[in-house]
Amino acid sequence: MQRSRFRVLFAFLAVTFLVFATQEQSMPARTELLQTGEEIRVGLTDLYSGKESITIKNSALGIGYCVGRSYLQETVLHSASGFTFTPASGYFVRLMELYSSYAAAKQTADALTRMGYTAYPVCVYQCTWYVYLGGSGKYSEMESLKERLLRVGDFGEAEILSGNNYRIWVKGSFGTFLIDVDEHMAYPQFKPVTTYEDSAVYCIDMGTRIYRGRMEIGRYQKSTLTAVNIVPLEEYLYSVVASEMPSTWNQEALKAQAVCARSYALVKAGYQGESNAKKGYKLVDTTSSQVYKGYLAETSKSAAAVRATKGEMVCYDNQVVAAYFFSTSGGRTESSEAAWSVAKPYLVSVTDIYETNPEKKPWLVSMTKKELSSRLSARGVSIGEVQDVKVTSYTDTGRVYALLISGTNGRTTLQESAIRTALGLYSTDFHIVQSGSWPDLVTVTGAGGSKERRISDSYVLSADGVTRASSAAEQYIVRGAEGLMNYPQKAPSSKDMIVFAGMGYGHGVGMSQSGAQGMAEQGFTYKEIVEFYFKGAKVK
């Protein structure tokens with residue numbers, strides 16, 4: 001028989017999402033202040049990473065380099081078929097003469113092509129071009145090619161280059177050129193020269209998504225390609241706010257989201273828009289950072305929220321901090337120390353009375369022991385057939401901190417955020433229900449003392465009076481001394497089935513988006529919302 005870790009006070013609140021408030025004190029600490037650049041680099045890992053080919057569909061693009069904080073455009077190329085990027089491999093023969101423009105390098109490459117060679121302009125850095133020949137997988141073929149060139153005598157010295165993890169082909173109706181990085185270790189960036197459809201916004205058309213700013217396509221020492229969007233920070237936020245929070249929500253909630261997203265991006269981006277072949281990105285476009293879906297995801301309300309809070313950030317001790325956020329807490333946020341073993345005085349747990357209409361309702365996730373074994377195997381953990389799962393420790397907020405899973409060939413312990421990601425759960429605020437248990441058994445404390453009782457056999461105090469707990473309810477939400485908890489009415493009938501009954505959605509650290517909406521609906525301003533969730537912090 002499994003007993004709850006919660007003690008229920010006086011009354012059961014069935015199928016109603018209620019929360020109550022406490023205050024947490026913050027402690028002094030310092031975080032690094034990053035300089036505010038006009039642009040940031042965003043790795044488009046959701047759709048445009050690990051690719052053998054990437055196509056930009058624009059019919060014309062400017063080519064240049066970002067040096068420091070300035071983008072210096074070198075030339076514009078036109079291509080009715082767009083621009084297709086693929087990794088380049090093999091050996092090349094490089095002519096040693098340097099050219100100051102694409103046009104000059106192409107003139108030589110075209111002359112060699114007319115003579116029967118296969119030659120390409122090669123971009124290595126700003127106003128620095130070479131001409132390469134070949135591209136064979138055999139060194140001997142390049143030796144023969146080099147000897148032929150030397151006999152002609154019209155093209156100077158040449159050298160053979162082996163393969164590397166940086167070269168990229170760029171092909172279009174204009175022809176083909178090669179990108180190769182030299183000691184500058186920098187990729188060119190491609191800038192739109194026409195606006196998107198009938199808008200006044202210049203965008204890069206990637207096919208599935210459209211982006212403001214410029215695009216850098218690189219290998220970053222890998223065999224495949226990744227697209228990196230170099231975009232002005234404020235314009236980036238137009239899409240992030242709309243991608244992270246419904247634009248139908250209250251404008252004060254959207255403003256709070258804008259301030260948090262701006263602060264997070266500044267801290268996490270790490271460097272500005274400068275061309276780079278070694279450090280592709282630190283910030284990505286998925287929930288691993290914050291969701292960013294480009295220009296078409298923007299809305300007028302999201303853009304208005306960004307403009308209304310322009311330049312405002314979450315600051316602690318006068319320094320910008322990473323303002324984490326998530327969907328739904330389930331009634332109480334988590335501290336960064338409990339979630340990630342990193343204590344931050346502004347990332348402490350707060351009890352949230354404002355999630356009156358949570359984006360993610362209380363949830364049940366069921367899986368067989370075989371499915372659980374497969375999930376572990378996918379992460380490289382092999383313990384044989386799962387036999388038992390139990391919680392070994394909780395955080396102060398009642399979330400699961402450590403989960404022990406035993407199998408026929410050993411055991412493993414999952415901790416902190418690894419629990420959520422490994423098992424595909426919505427949060428770590430859950431308890432486990434298995435066959436043979438009474439999942440709705442709780443300890444009730446009243447005037448007559450304490451006793452155990454099933455919720456399904458109890459009565460509920462509500463605005464309508466005293467009623468019996470619904471026998472039709474799949475789960476009960478109970479307010480106890482330690483917060484809210486989700487209790488299923490029935491245990492699984494099969495011993496092979498495990499049910500995770502939980503609350504909340506996300507890591508639980510920082511601002512609850514559902515709570516922000518609830519606060520906004522109650523009349524709180526965006527600054528009050530942010531400062532409620534980040535104790536001791538100020539919007540500046």
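A crossing of two helices is left-handed if the near helix is turned anticlockwise from the far one by less than a right angle, and right-handed if clockwise. The crossing of α3 and α4 is right-handed. The contact here is made by L233, E234, Y236, L237, V240, V241 and E244 of α3 together with L254, Q257, A258, A261, R262, A265 and L266 of α4. Contact means heavy atoms within 4.5 Å.

This is a predicted model, in which local features need pLDDT of at least 70 and side-chain atom pairs count only at pLDDT 80 or more, while totals for chains, interfaces and linings use all residues. Residues are numbered from 1 along each chain as its sequence is written, and side-chain values use heavy atoms, with hydrogens and water left out.

**The chain as a whole**

The chain has ten helices and 36 strands. Helices (H or I, at least four residues) and strands (E, at least two) are DSSP runs, numbered from the N terminus. Of the 540 residues in the chain, 55% are buried. Buried means under 20% relative accessible area, exposed over 50%, and partly exposed in between, with a 1.4 Å probe and protein chains only. Take the contacts between residues at least 6 apart in sequence: 71% of them join residues at least 24 apart.

**Two helix crossings**

Helix α4 takes part in both crossings below. Axes are lines fitted to C-alpha atoms, for helices over the stretch in contact, and angles run from 0 to 180 degrees between N-to-C directions.

| Pair | Axes come within | Crossing angle | Handedness |
|---|---|---|---|
| α3 and α4 | 9 Å | roughly 125 degrees | right-handed |
| α4 and α9 | 7 Å | roughly 140 degrees | right-handed |

Angles under 35 degrees count as roughly parallel, over 145 as roughly antiparallel, 65 to 115 as roughly perpendicular and the rest as oblique. The axes of α3 and α4 cross at roughly 125 degrees. These two helices are therefore oblique to each other. By class, their contact has ten nonpolar, one polar and three charged residues. Ala, Val, Leu, Ile, Met, Phe, Trp, Tyr, Cys and Pro count as nonpolar, Asp, Glu, Lys and Arg as charged, and the others, Gly among them, as polar.

Now for α9 (residues 513-521), whose axis crosses that of α4 at roughly 140 degrees. That angle makes α4 oblique to α9. Here E252, A253 and Q257 in α4 meet Q513, A516, Q517 and A520 in α9. This contact has three nonpolar, three polar and one charged residues.

**Helices with a buried side**

Which residues of α5 are buried? In this helix (residues 300-308), they are S302, A303, A305 and V306. They sit on the same side of α5 because they cover an arc of only 160 degrees around the axis. The arc is that of the directions from the helix axis to the C-beta atoms. The buried residues of α5 pack against α3 and α4 (251-269). The face turned away from the buried side carries the exposed residues S300 and R307.

Helix α7 (residues 369-378) has K369, L372, S373 and L376 as its buried residues. Their arc is only 100 degrees, which puts them on the same side of α7. Exposed K370 and A378 are on the face turned away from that buried side. Just after α7, G380 takes a positive phi of about 85 degrees.

**Single residues to find**

L233 lies in α3 (residues 233-244). L233 is buried, at a relative accessible area of 4%. Its C-alpha is 9.7 Å from that of Q272, although the two are 39 residues apart in sequence.

Y292 is in the loop between β19 (283-284) and α5. Its relative accessible area is 2%, so Y292 is buried. Beyond its neighbours within four places in sequence, Y292 has contacts that include V42, R209, Y236, V240 and D285. Y292 and V241 are 51 residues apart in sequence, and 8.3 Å apart in space, C-alpha to C-alpha.

Most residues other than glycine have a negative phi. M185 has a positive phi, near 50 degrees. M185 is in the loop between β13 (175-179) and β14 (189-192). M185 counts as buried because its relative accessibility is 19%. Phi of Y220 is positive too, near 50 degrees. Y220 is in the loop between β17 (214-218) and β18 (225-232). Y220 is buried, with a relative accessible area of 9%.
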